[in-house]
Amino acid sequence: MALREKVLRHYLIPSNRYGVPEGLVRALPPSRPISLVDVGAHSGDFTTSIRNHAGLTRALVVEPQPARCKALLERLGGKGVEVAECALSDHEGYEDLEVLNWDYSSSLLPLLRQDDSIHWGLDLGLRERIRCRVRTLDDLLLEVDWTEAIDLLKVDVQGAEMLVLRGAERTLPRVRMVFVEVSFRPLYEGAAVFEEVYALPRENGL
């Protein structure tokens, strides 16, 4: 690890030992705590990396899978970190979520299974179908009494990123930075692609 860091420093490539993505290393000074909303937290690796690198003043992690939420509570709960068991979208209600065998790829949106390239190396068979609560980010933050600014909003929800952003109309003006997964072609039915996902935060001054 020390050798890796030495080589990256030599070539002026931002990095850290906690796995924070390069672009965020540039934007987040180490040991300067931030507020974080992690949508699509899964196992909590992203939040953990940010906490280890910069520190957290407050964090909300959002994940729809009950088993994953239980593990998140054990790993991250307390010390300013709250866990919300729900999926985020542009409306409130309940929807079916297909949990795949490779559950990192689970989404509110149906997978485009006819595209063979999506299946390469992954087991995307259906493990189970669960009924999950669907919230908007605006309403969820109101419920947890989050009125302060958000330093970093991370969104990784397998094609449903645009739905999350549309449900954050009141929230986006007080977000300082968005880190969002995008695709250049649809992998899920109804999924937005890069141009659409990029445009909405930009319209909100990000």
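Select V178, F179, V180, V182, F194, V197, Y198, P201, R202 and L206 in this predicted model, and you have the lining of the second largest pocket. The elements that each contribute two or more residues to this lining are β8 and α7 (194–203), and of these α7 gives the most, with five residues. Colour the selection by class and you will find nine nonpolar residues, no polar ones and one charged residue, set around a space of about 200 Å³.

Next, move to the largest pocket, which holds about 760 Å³ of space. Its lining comprises 45 residues, and to centre the view you can pick Y104, D156, V157, Q158 and E181, which are the closest to the middle of the pocket. To see which parts of the fold surround this space, show α3 (45–53), β2 (56–63), β4 (87–88), β7 (152–155) and β8 (178–180), each of which supplies at least two residues of the lining. Coloured by class, the lining of the largest pocket divides into 27 nonpolar, 10 polar and eight charged residues.

Finally, select P66, which belongs to helix α4 (residues 66–76). Is this residue buried or exposed? P66 is partly exposed, because its relative accessible area is 41%, a value that falls between the 20% limit for buried and the 50% limit for exposed residues. Leaving aside residues up to four places away in sequence, P66 touches E85 and I130. If you draw a distance between the C-alpha atoms of P66 and E85, which are 19 residues apart along the chain, the viewer should show a separation of 6.7 Å.

Note on methods. Residues are numbered from 1 along each chain as its sequence is written. This is a predicted model: local features need pLDDT of at least 70, side-chain atom pairs count only at pLDDT 80 or more; totals for chains, interfaces and linings use all residues. Side-chain values use heavy atoms; hydrogens and water are left out. Helices (H or I, at least four residues) and strands (E, at least two) are DSSP runs, numbered from the N terminus. Buried means under 20% relative accessible area, exposed over 50%, partly exposed in between (1.4 Å probe, protein chains only). Contact means heavy atoms within 4.5 Å. On a 1 Å grid over the protein atoms alone, a cavity is a set of points where a 1.4 Å probe fits but cannot get out, and a pocket is an open set with protein on both sides within 12 Å along at least five of seven lines; lining residues have an atom within 4 Å of a point. Grid points are joined across faces, edges and corners, and a volume is the space filled by probe spheres set on the points. Ala, Val, Leu, Ile, Met, Phe, Trp, Tyr, Cys and Pro count as nonpolar, Asp, Glu, Lys and Arg as charged, and the others, Gly among them, as polar.
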